[in-house]
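I set out to look up how the chains are divided, how they meet, and how one sheet is put together. My entries follow in that order.

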Amino acid sequence: MKREIPLLISFIAGTLIVISLFVPHPPFNKMEETLNSWYIIVSGFTFILGIDSLLLYNWDKIRRKSKDWPFALTVILSFVVTLVWGIVSGVRTGHIFSTNSTFRNYFYLYIYVPLQATMFAILSFFIASAAYRAFRARSLNATLLLITASIIMLGRVPLGNAVLIPVLWIAVLLIAWVVLLEIKATTSASTRVGYILMLILMVVIAVPLTKFLYGNLSAATDWIMDIPQMAAKRGIMLGLALGGIAVSLRIILGIERSYMS
Amino acid sequence: MISFVLAAIFSVRPSPIVDLKVMDNPNDEGGQIVLKWEYRKDADLSQISYIQIMRIDKMGTAPIVAEELKPTAKRYMDTDLKNGHPYRYFIRVWFKDGSYIDSAISPPVVPEAQWLHKDRIAALVILLLYGALLIYYLKKARKGERLTIRPIAGLQAVDDAVGRATEMGRPLLFVLGLGTVSDIATLAGLAILKRVAMKAAEYESDIIVPCFDPVVMAAAQETVKQGYLEAGRPDLYNEKNVYFLTNDQFGYAAGIDGIIMRQKPGAIFLQGAFYAESLIIAETGHSIGAIQIAGTSSVTQLPFLIAATDYTLIGEEMYAASAYLSRDPNSLATIKAEDWMKIIFIGLILVGAMLETVAGLTGNKSWSFIKTFFAGGAQ
């Protein structure tokens, strides 16, 4: 019974949600809303579990004086200060985020918001380092990615058109170098012929391509974003939608039970 | 006042409103009526001050002003009506000189609730087709027929990653992202977590699961516990290693980064719904040299994870993970049905593209029937 009852609940709740998608007639029209409200109420109570887990985990670290225990102490102190300050400020001013609330004016605006902004700002450095690794012209695919990304980046900045020619020629030379390395490394004769043909094609189209992009950089950027990029994205989304149906059916039919003990 | 009354009585101007259509709002729970209208081509809209939607609840009673609209409006939906009760409408056009003209009164329209959302018939057909394929493959699986799916590199690497972390004497870190337990990505992540927990129990490794959502934490605790049980090592299960971290996006990222820098896990699994914090976590993981296996349904985060982690499960691969890892025939049947659906969709896209081309070239919209059927109400 310990397994059957949760499976039955999953089946009934899942089936009702599916029916409510296709039947707008009452009582199905409010079914999803009602079940979501129940979920919100239940999840509200589970926050008590969450806080209990957080405090116990960190208290245990302090009690055992395990490595890095001062961090655990910082977490508990921050929790208590935030909670007490928030309650006191809320009671005094009527609302925790009223304009004369000290919690809002000192804690929220001068501690919480800058901390969040700092974490978000770090992202730009991580993007640079990840992009460097992804764009390193180690293989043909990575080189093609580098060239496409260069066109997109140039097309999205005001100075793009002005620096297009040198950047594009550097990219073309880079790809030629990579293709030469690939020709040298490959043992298959047919692959080698393919690379040589590609190299010839590149030499032939390099000048007309530069000329074309010089006047149409913005249009080319839009084309890359709207056609190949969007096609790939929609392919993934289609797979996601079908995969989502598969997972949902597995859960509704009780085939997927990994979330239960 | 006199001029106002005279203007109203002796007005010979025709109503600028033509073609007033009143209908029950389709595909709803009732109580709603839609009005659509056009303006006469020779009507001078600059002279109109505003228009009033007038509703007659019962013949012989005074009309009620349902709404006042700008003279550019061409559509209005009246709500909070009684199902099964007939309503009539007309539009009163007020001019800047203070006079008004009424349109013709519409025939009675009764708002009703519908039993089938007609704009979603295409989705219903897809679901039924999928259901039929699923039943077919489930029957095959129950007959004992072997169902195979293509190898997924990211999932094949799961055991190696756990083994590597064990050899290094480091714990495993499993991050379920920002999703709630109602997100399919989180559920798929939990299925992978069970497999990782089983392997961790087998190799006697520690597994740390900091959670963003308390409900997910409770589910993750159960999942890890079940994994240890199935591996025959319930004694090694430590509930305190699956804990709630915070419910704040960047606080969560900072917390995970702290765990990565302090505990230096040998393998990091990022499986679930991720947003802007994905790269912050993945790059920190890369900086300590941990083997990283990521998987997400967030299309915008996939490029970051592909760039920063060793293996990435792209969308549906993640959803197929539990079937792939468990090799359960019933679960594999759902994946086979999904693959056939994908083939059907590819066929439909190709045929649809050809038909749209023909429709564009001939100017005959009837060729667009596939698009019309699948677009439903979105058109």
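Before looking up any distance between domains, I note that the domain bounds used here come from an automatic or database domain assignment. I also keep in mind that I am reading a predicted model.

**Entry 1, domains.** For chain A, I looked up the assignment and found domain 1 at 1-64, domain 2 at 67-135 and domain 3 at 136-249. Taking the centres over C-alpha atoms, I find domain 2 of chain A and domain 3 of chain A separated by 41 Å. For chain B, the assignment gives domain 1 as 2-102, domain 2 in two pieces as 118-144 + 331-378, and domain 3 as 153-319. Between the centres of domain 2 of chain B and domain 3 of chain B, again over C-alpha atoms, I read a separation of 35 Å.

**Entry 2, the interface.** I then asked how many residues of chain A are in contact with chain B. I count 60 residues of chain A in contact with 72 residues of chain B, and the area buried between the two chains comes to about 5600 Å², with carbon and sulfur atoms giving 72% of that area. Turning to the polar side of the interface, I find 13 residue pairs in polar contact across chain A and chain B, with both residues at pLDDT 80 or more. From chain A, the helices α1 (4-22), α2 (31-63), α4 (102-135) and α7 (189-252) each supply at least two residues of the side that touches chain B, and the largest share of that side, 16 residues, comes from α7(A). The rule also finds four salt bridges across the interface of chain A and chain B; I looked up the one that Asp60(A) forms with Lys240(B), where the closest N and O atoms are 3.7 Å apart.

**Entry 3, a sheet in chain B.** Which strands form the open sheet of chain B, and in what order? I find three strands in the order β1-β2-β5 of chain B, with antiparallel pairing. The strands β1 (17-24) and β5 (75-78) of chain B stand at the edges and have a single partner strand each, so one side of each is left without a neighbour in the sheet. On average, neighbouring strands of this sheet are turned by 15 degrees against each other, direction ignored. Looking at one pairing in detail, I find six bridges joining β1(B) to the antiparallel strand β2 (residues 33-39) of chain B, and I note that Ile17(B) stands opposite Tyr39(B) in β2(B).

Terms used:
Residues are numbered from 1 along each chain as its sequence is written. Chains are lettered from A and ligands numbered from 1 in the order in which they are written. This is a predicted model: local features need pLDDT of at least 70, side-chain atom pairs count only at pLDDT 80 or more; totals for chains, interfaces and linings use all residues. Side-chain values use heavy atoms; hydrogens and water are left out. Two strands pair if DSSP finds at least two bridges between them. Helices (H or I, at least four residues) and strands (E, at least two) are DSSP runs, numbered from the N terminus. Axes are lines fitted to C-alpha atoms, for helices over the stretch in contact, and angles run from 0 to 180 degrees between N-to-C directions. Contact means heavy atoms within 4.5 Å. Buried area is the accessible area (1.4 Å probe) that two parts lose on being put together, summed over both. A salt bridge is a side-chain nitrogen of Lys or Arg within 4 Å of a carboxyl oxygen of Asp or Glu. A polar contact is a pair of N or O atoms within 3.5 Å; within protein, one must be able to donate a hydrogen and the other to accept it, and residues adjacent in sequence count only if both atoms are side-chain atoms.
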